[in-house]
There are 2 protein chains.
Amino acid sequence: MEQKYEMLCLKNQICFPLYACSREIIKQYRPFLEALDLTYTQYIAMMVIWEERCLNVKELGKRLYLDSGTLTPVLKSLEAKGYLLRRRSKEDERVLLVELTPEGAALRDKAVNVPMQMAACSRLTPEEAQTLYRLLYKILGRTPGEE
Amino acid sequence: MEQKYEMLCLKNQICFPLYACSREIIKQYRPFLEALDLTYTQYIAMMVIWEERCLNVKELGKRLYLDSGTLTPVLKSLEAKGYLLRRRSKEDERVLLVELTPEGAALRDKAVNVPMQMAACSRLTPEEAQTLYRLLYKILGRTPGEE
DNA sequence: TTAAATTATTTTGTATCCAATTTAATTATA
DNA sequence: TATAATTAAATTGGATACAAAATAATTTAA
């Protein structure tokens with residue numbers, strides 16, 4: 001290939017394997033999450049909601065790097081399954097609060113083994129996973145707990 | 001948080017930052033790709049087609065980790081823009097060949113600076129990027145050229 | 001103090017993704 | 001050689017993603 005096109009190859013891209021890996025791993029989640037009747041997006045949303053019990057859409061979106069355009073249908077679906085309640089804040093009617101239900105809390109016990117099951121599929125050593133984790137959060141520009 | 005839920009937190013997931021990073025970087029591509037009237041998916045498809053000049057949907061899908069359900073509309077859209085031709089193979093009518101047009105080849109010269117522009121946005125050192133690259137392809141289980 | 005600006009969420013429209021089904025062509029086999 | 005099995009794409013249906021516009025509530029500022 002001509003020199004000037006060298007950088008424009010799939011094999012010289014860093015974003016492409018990131019994109020491919022992300023989708024491949026999410027595909028691996030499928031059988032485990034299907035048993036919980038959750039999609040991956042619903043699963044990571046529930047993960048934050050399990051931790052926080054109650055938070056608003058903006059906060060949730062910041063944690064997940066998703067905007068309300070994506071979250072609105074996801075949260076409506078989780079509400080329809082009975083795992084959370086959506087209600088407007090009393091102090092500020094613009095704010096929508098998302099609150100864990102007892103059914104949602106019960107789901108956490110059913111989900112508790114998913115991380116271990118997924119770890120068993122990993123092709124990386126714990127050290128490699130740790131390195132990857134650090135690099136990914138360097139790209140994201142903030143650590144999970146931050147802000 | 002209770003010990004038993006410890007692994008079920010966003011901050012202890014490896015897939016989540018992968019998923020978030022992938023989307024964040026694809027978002028960074030947008031202004032550069034908009035100038036070419038391409039989406040990210042169209043861009044990586046063109047990248048393979050620029051290299052191969054002519055290949056079939058199955059081969060393209062293997063390179064991109066995408067199936068024909070995703071590729072069919074992407075390729076129709078690229079054909080509509082005039083960057084490629086879709087035609088059935090003479091030897092096997094089931095196979096759809098995707099062939100670069102002169103317009104598609106010309107687009108390559110307009111895209112040639114995108115990788116450099118994106119590299120300028122990177123928060124990683126070249127060494128870190130190299131490490132990340134290696135780990136991602138370890139997860140994918142095959143190197144870019146392989147198979 | 002009320003009109004303008006801002007903010008949080010929803011809606012809309014477009015483009016993926018992907019599982020599952022369908023269609024059409026080819027190959028294998030009884 | 002008919003028929004079954006396989007294969008490559010396309011289609012269908014459901015769930016994201018996300019930009020842009022719309023809606024509604026709150027805050028700012030002239």
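In chain A of this predicted model, strand β2 is joined to strand β3 (residues 96–100) by five bridges, and the two strands run antiparallel; helices (H or I, at least four residues) and strands (E, at least two) are DSSP runs, numbered from the N terminus, and two strands are taken to pair if DSSP finds at least two bridges between them. Local features need pLDDT of at least 70 and side-chain atom pairs count only at pLDDT 80 or more, whereas totals for chains, interfaces and linings use all residues. Residues are numbered from 1 along each chain as its sequence is written, chains are lettered from A and ligands numbered from 1 in the order in which they are written, and side-chain values use heavy atoms, with hydrogens and water left out.

Within the pairing of β2(A) and β3(A), Arg86(A) stands opposite Val98(A). These strands belong to an open sheet of three strands in chain A, with the order β1-β3-β2 and antiparallel pairing. Because β1 (54–56) and β2 (84–88) of chain A stand at the edges and each has a single partner strand, one side of each is left without a neighbour in the sheet. From one strand to the next the twist averages 25 degrees, where axes are lines fitted to C-alpha atoms, for helices over the stretch in contact, and angles run from 0 to 180 degrees between N-to-C directions. Helix α3 (residues 57–64) of chain A lies across β1 and β3 of chain A and runs at about 90 degrees to β1(A), contact meaning heavy atoms within 4.5 Å. The side chains of Glu99(A) and Arg87(A) meet in a salt bridge (3.0 Å, N to O), a term that denotes a side-chain nitrogen of Lys or Arg within 4 Å of a carboxyl oxygen of Asp or Glu. This pair links distant parts of the chain, with Glu99(A) in strand β3 of chain A and Arg87(A) in strand β2 of chain A, twelve residues apart.

In chain B, an open sheet of three strands likewise has the order β1-β3-β2, with antiparallel pairing. Its edge strands are β1 (54–56) and β2 (84–88) of chain B, each of which pairs on one side only. Five bridges pair β2(B) with strand β3 (residues 96–100) of chain B in the antiparallel sense, and Arg86(B) stands opposite Val98(B) in β3(B). Helix α4 (residues 68–80) of chain B lies across β2 and β3 of chain B, running at about 125 degrees to β2(B).

Chain B is superposed on chain A by a rotation of 180 degrees with 0.0 Å of shift along its axis (RMSD 0.0 Å), which is the relation of a two-fold axis; the fit is by least squares on the C-alpha atoms of residues with pLDDT of at least 70 in both copies. At the interface, 57 residues of chain B are in contact with 57 residues of chain A. Since 100% of the interface residues of chain B are also interface residues in chain A, the copies meet through the same surface.

The two chains bury about 5800 Å² between them, 71% of it on carbon and sulfur atoms, buried area being the accessible area (1.4 Å probe) that two parts lose on being put together, summed over both. In chain B, Leu8(B), Leu10(B) and Tyr19(B) lose the most area to chain A, together 12% of what that side buries. Six salt bridges are found across the interface of chain B and chain A, while a search of the whole structure finds 24 over all chains. The side chains of Lys4(A) and Asp109(B) meet in a salt bridge (2.9 Å, N to O). Helices α1 (15–34), α2 (40–52), α3 (57–64), α5 (102–111) and α7 (126–140) of chain B each supply at least two residues of the side of chain B that touches chain A, and α1(B) gives the most, with 14 residues.
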